[in-house]
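Please go through this model with an eye to its fold and its pockets. The sequence and structure come first, then a short report.

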Amino acid sequence: MAGPKKRGCLGCSFPVLIIIAVIALGIVVFGFLSGALGQSLFGEISWLKWMTVPKPDPHLPAPVIFHLLGLPITNGVVAGWITVVFLVVLSWAVTRRMQLVPGRLQVVFEALLGWIFDLCRSIAGEVNGRKFFPVVCTIFLFVLFNAWLSLIPGYGSILIHSGGHEAELLRGANTDVNTPLAIAAISFIFVAYFGFKSLGIGWLKQYFNFGPLFRSLGRIFKGKFSLMDIFSGVIEAFVGGLELLSRFITIISFTFRLFGNMTAGEILLLIAAFLVPWVLAIPFYGLELLIGVVQALIFSLLTLVFVTMAVSSHQSEAHSK
């Protein structure tokens, strides 16, 4: 009776493993020889030109591809539209046949949304967590898939002629400063909306807190002059101005944190692919996948924290009464 068939490593026979190892080694060697590092050491090899990656030419301003109703549309905006379409199609594919016993795609999508929902509830509470979840989740998914879709090989290699110059048709939306700025502005409006909804016009008191100063000045006409009250009123008005300034600085910090990290990652991948094509960029792909998750999480979490702080003072006043 024949014994069990012996396997090599990872369920593959040794001949198959040897073939895989030879192919991998060949890719590493040929990639090194065709890249900038190999060419600087051994010169240019003509039959490896097909593996050569053009010298990267990173540029921060996103080129305008066309105009729509008089508005300039950059390649970053087009990439953002593709992300929106992708998320809509993905949502439709997941929800069109919802099952009690979910399939793999439904399990992954439900696990992701459930994790974000639990995060909102743990930070903002049960009631507010449900209110804030749609916007926080949308920001997370949009930032995440902007980063991940731009990692698809060939994403930025489609060139078109526009305005007398050659430009990429697509560019990672997060690397176009206008997209992070737009998301940061939406985050600010979202926080302001719930601040006004919870506190009304009183929400502005934290930014325009002139009441103590006016009251202290009014006491002068009543013969109750107090230098400390005036000084305290000036300090509170100044602190309110600093708080207002910090809100706008927050928009700028949101914008350039996302823009800087995503742009640096894109340039890193371009340089790695130029130095050693097909090889050196592979480890950085994993790193960029992780950075995409981290940046999406930071952006959405900070939005959640700020909006929770905006409504917390209203709730604390309600409980104290």
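The report below covers the overall make-up, one hairpin and two pockets.

**Overall make-up**

This is a predicted model. The protein has nine helices and four strands. Starting at the N terminus, the order of elements is α-α-β-β-α-α-α-β-β-α-α-α-α. The chain has 321 residues, and 32% of them count as buried. Take the contacts with a separation of 6 or more: 68% of these join residues 24 or more positions apart. The accessible surface is about 19,700 Å². Carbon and sulfur atoms hold 73% of that surface.

**The β1–β2 hairpin**

Strand β1 covers residues 64–68, and strand β2 covers residues 71–74. The two pair in the antiparallel sense, with four bridges. One bridge partnership links Phe-66 to Ile-73 in β2. Two residues lie between the strands of this hairpin. Leu-69 sits in the turn and has a positive phi of about 55°.

**The two pockets**

Rolling a probe the size of a water molecule over the atoms shows where empty space is left. The table sets out the volumes of two pockets.

| Pocket | Volume |
|---|---|
| Largest pocket | about 1,300 Å³ |
| Second largest pocket | about 280 Å³ |

Begin with the largest pocket. Its lining takes in 39 residues. Those nearest the centre are Val-53, Gly-154, Gly-156, Ser-157 and Leu-270. The elements giving two or more residues to this lining are α5 (126–149), α8 (227–275) and α9 (281–320). Which element gives the most to the lining of the largest pocket? The answer is α8, with eight residues. By class, the lining of the largest pocket holds 22 nonpolar, eleven polar and six charged residues.

Now the second largest pocket. Its lining includes Val-77, Gly-80 and Trp-81. Val-135, Thr-138, Ile-139 and Phe-142 also line this pocket. The rest of the lining is Asn-178, Thr-179, Ala-182, Ile-183 and Ile-186. At least two lining residues come from each of α3 (75–95), α5 and α6 (178–199). Here α6 gives the most, with five residues. How many charged residues does the lining of the second largest pocket have? There are no charged residues; eight are nonpolar and four are polar.

Helix α5 links the two descriptions. This helix gives two or more residues to the lining of the largest pocket, and at least two to the lining of the second largest pocket.

Note on methods:
Residues numbered from 1 in each chain as written. Predicted model: local features only at pLDDT ≥ 70, side-chain atom pairs only at ≥ 80, totals over all residues. Heavy atoms only, no water. Pairing = 2+ DSSP bridges. 1 Å grid on protein atoms, 1.4 Å probe; cavity = no way out; pocket = protein on both sides within 12 Å on 5 of 7 lines; lining within 4 Å. Points joined across faces, edges and corners; volume = space filled by probe spheres on them. Nonpolar A, V, L, I, M, F, W, Y, C, P; charged D, E, K, R; others polar. Buried < 20%, exposed > 50% of the residue type's maximum accessible area, 1.4 Å probe, protein only. Contact = heavy atoms within 4.5 Å. Areas by Shrake-Rupley, 256 points an atom, 1.4 Å probe, with all protein chains shown as cover.
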